[in-house]
Amino acid sequence: MAPRWEDLDVGAAPEPRTVGPLNRTDFVRYQGASGDFNPIHHDEEFAKSAGYPSVFSVGMLQAGILATFATDWLGADNVRTFGVQFREQVWPGDRLVCSGAVIEKVDAQNGSERAVKLELMVERVGGGTAIKGWATFAVPE
Amino acid sequence: MVDASAVGTTDEPYEMTVERGKIREFARATMSENPEYLEDPIPPIEPTFLTSVSFWTPPGRSVFSKVKMDLRRVLHGGQEYIFHGPPPRAGQNLTVQTRVAEVYEKEGKRGGTMTFVVTVAEFRDERGMLVAEARSTAIETGKPATSKEGA
């Protein structure tokens, strides 16, 4: 069950989710699901020819993990906006921590839905921030 | 080199059918165990599912290909989705149209001049109502760079 409006005050947060260590199969599974077949995420020779030490994760994979972390908390039907800014790249072997919190409550007005705004983040264990994210979720009556 | 004259280019609208199996595959790939995606016979899409629209883009017709970016030097800067109500569900037929919204340059912290390309895709339902928008920012770096600025 999604949390109730009364429980979604500023600062309310779900348990952080840790995933990984991510491997090349995770990257390829996501590329198959999304249709983004940029070889830089699975072709070692191509990635090295571009100057990278190895293949690296698809940004939209960690964005997708963060997005479903948020919908698992507040409900798949309730998402209204979801955005990310990519920071550090994610590499094979990385473990990631997804976290987030309510930063604003918006009451229903003029026919608009009541909603909460979230700040979201993906951090690399032992590294820096991979993603800064944000989202808006409707909170049904 | 990025072709800045592509700004304002819009592709021909095309259809995207939202499929249950694809939603399930996407949930697995993004490590969700949410029964709303995995068990509902008519599941809603994940917030980032519309990225899979590339499966429906007619070959050679992507507006993105008109910008002529070098894949060896491209990073994804950011992505945003807006849903005008609950997200679309399996079985819906959406009509998609994408435009190149912006091309601009910025000096990178390490990678020389970076060129930003912003595309916006609009998704309409069977009645022509705008149900979702996807805004994507791609960055072509001056040279390959392990980045603090994109993925």
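Guide: Two strands are said to pair if DSSP finds at least two bridges between them, and that criterion is applied here to a predicted model.

Visitor: With that in mind, over how many bridges do strand S2 of chain A and S2(B) pair?

Guide: Strand S2 of chain A covers residues 79–86, and Gln85(A) has Gly78(B) as its bridge partner in S2(B). Further along, Phe82(A) stands opposite Tyr81(B) in S2(B). The two strands pair in the antiparallel sense, and the number of bridges is five.

Visitor: Which strand of chain B pairs with S2(B) over nine bridges?

Guide: The pairing runs in the antiparallel sense and lies within chain B, with a partner that spans residues 130–140. One of its bridges can be named by its residues, since Glu80(B) is the bridge partner of Arg135(B). The strand is S5(B).

Visitor: Which strands are the edge strands of the open sheet?

Guide: The sheet has 10 strands with antiparallel pairing, in the order S1(A)-S3(A)-S4(A)-S5(A)-S2(A)-S2(B)-S5(B)-S4(B)-S3(B)-S1(B). An edge strand pairs on one side only, and this holds for S1 of chain A and for strand S1 (14–17) of chain B. From one strand to the next the twist averages 25°. The edge strands are therefore, by the pairing criterion of at least two bridges, S1(A) and S1(B).

Visitor: Within the chain A part of that sheet, which residue of S4(A) stands opposite Glu104(A)?

Guide: Strand S3 of chain A, residues 96–106, and strand S4 of chain A, residues 115–124, run antiparallel and are joined by 10 bridges. Opposite Glu104(A), in S4(A), stands Lys117(A).

Visitor: Turning to the contact between the chains, which element gives the most to the side of chain B that touches chain A?

Guide: On this side, 36 residues of chain B are in contact with 36 residues of chain A. The elements of chain B that give two or more residues to it are helix H1 (20–29), helix H2 (35–38) and strand S2 (74–83). By kind, the residues of this side divide into 16 nonpolar, 14 polar and six charged. The element that gives the most, with eight residues, is S2(B).

Visitor: How many of the 10 residues of S2(B) are buried?

Guide: For chain B as a whole, 39% of its 151 residues count as buried, where a buried residue has 20 or more other C-beta atoms within 10 Å of its own. S2(B) is mostly covered, and the number of its residues that are buried is eight.

Visitor: In what order do the helices and strands of chain B run from the N terminus on?

Guide: Chain B holds three helices and five strands, and its C-alpha atoms fill a box of roughly 50 × 35 × 25 Å along the principal axes. Among its contacts with a separation of 6 or more, 72% join residues 24 or more positions apart. From the N terminus on, the order is β-α-α-α-β-β-β-β.

Visitor: At about what angle does H3(A) run to S5(A)?

Guide: H3(A), residues 59–74, has 16 residues and reaches 23 Å from its first C-alpha to its last, close to the 22 Å expected. The helix is mostly covered, with 16 of its 16 residues buried, and just after it Gly75(A) takes a positive phi of about 105°. H3(A) lies across S1, S2, S3, S4 and S5 of chain A together with S2 of chain B, and its angle to S5(A) is about 35°.

Visitor: Which element gives the most residues to the largest nonpolar core?

Guide: This core has 59 residues, of which Leu66(A), Ala70(A) and Phe137(A) touch the most other members. Leaving aside residues up to four places away in sequence, Leu66(A) touches Val84(A), Cys98(A), Leu120(A), Val122(A), Ile131(A) and Gly133(A). Apart from the largest core lies another, of 10 residues, including Leu75(B) and Met114(B). The element that gives the most to the largest core, with 10 residues, is H3(A).

Visitor: Does Glu15(A) count as buried or exposed, and why?

Guide: Glu15(A) is found in the segment before strand S1 (17–19) of chain A, and its C-alpha lies 17 Å from that of Gln62(A), which is 47 residues apart from it in sequence. A residue is exposed if 12 or fewer other C-beta atoms lie within 10 Å of its own. Because Glu15(A) has 9 C-beta neighbours inside 10 Å, it counts as exposed.

Notes: Residues are numbered from 1 along each chain as its sequence is written. Chains are lettered from A and ligands numbered from 1 in the order in which they are written. This is a predicted model: local features need pLDDT of at least 70, side-chain atom pairs count only at pLDDT 80 or more; totals for chains, interfaces and linings use all residues. Helices (H or I, at least four residues) and strands (E, at least two) are DSSP runs, numbered from the N terminus. Two residues are in contact if their C-beta atoms, placed from the backbone, lie within 7 Å. Ala, Val, Leu, Ile, Met, Phe, Trp, Tyr, Cys and Pro count as nonpolar, Asp, Glu, Lys and Arg as charged, and the others, Gly among them, as polar. The expected span of a helix is 1.5 Å times one less than its number of residues. A nonpolar core is a set of buried Ala, Val, Leu, Ile, Met, Phe, Trp, Tyr and Cys residues joined through C-beta atoms within 7 Å. Axes are lines fitted to C-alpha atoms, for helices over the stretch in contact, and angles run from 0 to 180 degrees between N-to-C directions.
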